[in-house]
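Student: I have just opened this one and would like a slow walk through it, please. Start with whatever pairing of charged side chains you would look at yourself.

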Amino acid sequence: MGFRLPGVIAKQILRWSYTSIDVPKGFLAIYIGSETPKKRFVVPISYLNQPLFQDLLSKAEEEFGYEHPMGGLTIPCTEGTFIDVISSLSTS
């Protein structure tokens, strides 16, 4: 793949996303994408207050309202866009 994630948090997010069914305390599982299958990521709850992440949440509200097809929070963006956002949040 052609991207690199700076920061320990971004690496942990990707590791938890692919290897863990349980969500650690203080984290939230979300699904990324508009089509199936969706990718699952686990992010710190503190990201919910960040303006970049709130932009993604606004897109989710516009597309899904409060009924998310996966039963959990689904954000309709590409995986690349999402990784860019979490990478910038983990370095701030």
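Student: Which residue forms a salt bridge with K39?

Tutor: K39 pairs with E79, and their closest N and O atoms are 3.8 Å apart. A salt bridge here is a side-chain nitrogen of Lys or Arg within 4 Å of a carboxyl oxygen of Asp or Glu. Please keep in mind that this is a predicted model, in which local features need pLDDT of at least 70 and side-chain atom pairs count only at pLDDT 80 or more, while totals for chains, interfaces and linings use all residues. Residues are numbered from 1 along each chain as its sequence is written, and side-chain values use heavy atoms, with hydrogens and water left out.

Student: Where do K39 and E79 sit in the chain?

Tutor: K39 belongs to strand β2 and E79 to helix α3, so the pair links parts of the chain that are 40 residues apart; helices (H or I, at least four residues) and strands (E, at least two) are DSSP runs numbered from the N terminus. By the rule above, the count comes to 1 salt bridge.

Student: And K39 and E79, are they buried or exposed?

Tutor: Neither word fits: K39 is partly exposed, with a relative accessible area of 34%, and E79 is also partly exposed, at 22%. Buried means under 20% relative accessible area, exposed means over 50%, and partly exposed is in between (1.4 Å probe, protein chains only).

Student: Changing topic, how many helices and strands are there?

Tutor: The protein chain has 3 helices and 3 strands, and along the sequence they follow the pattern α-β-β-α-β-α.

Student: What order do the strands take in the sheet?

Tutor: The sheet is open, has 3 strands in the order β2-β1-β3, and its pairing is mixed; two strands pair if DSSP finds at least two bridges between them. The edge strands, each pairing on one side only, are β2 (39-44) and β3 (73-75). Neighbouring strands are turned by 40° against each other on average, direction ignored, where axes are lines fitted to C-alpha atoms, for helices over the stretch in contact, and angles run from 0 to 180 degrees between N-to-C directions.

Student: How many bridges join β1 to β2?

Tutor: There are 6 bridges between β1 (residues 27-32) and β2, and these two strands run antiparallel. In that pairing, A29 stands opposite V42, and Y31 stands opposite R40. The two strands form a hairpin with 6 residues between them, and in its turn G33 has a positive phi of about 120°.

Student: Then in what sense do β1 and β3 pair?

Tutor: Those two pair in the parallel sense, over 3 bridges, and the bridge partner of I32 in β3 is I75.

Student: Is β1 mostly covered or open, and how many of its residues are buried?

Tutor: β1 is mostly covered, with 5 of its 6 residues buried. For the protein chain as a whole, 38% of the 92 residues count as buried.

Student: Last thing, which strands does helix α2 lie across?

Tutor: Helix α2 (residues 51-64) lies across β1, β2 and β3, and runs at about 100° to β3; contact here means heavy atoms within 4.5 Å.
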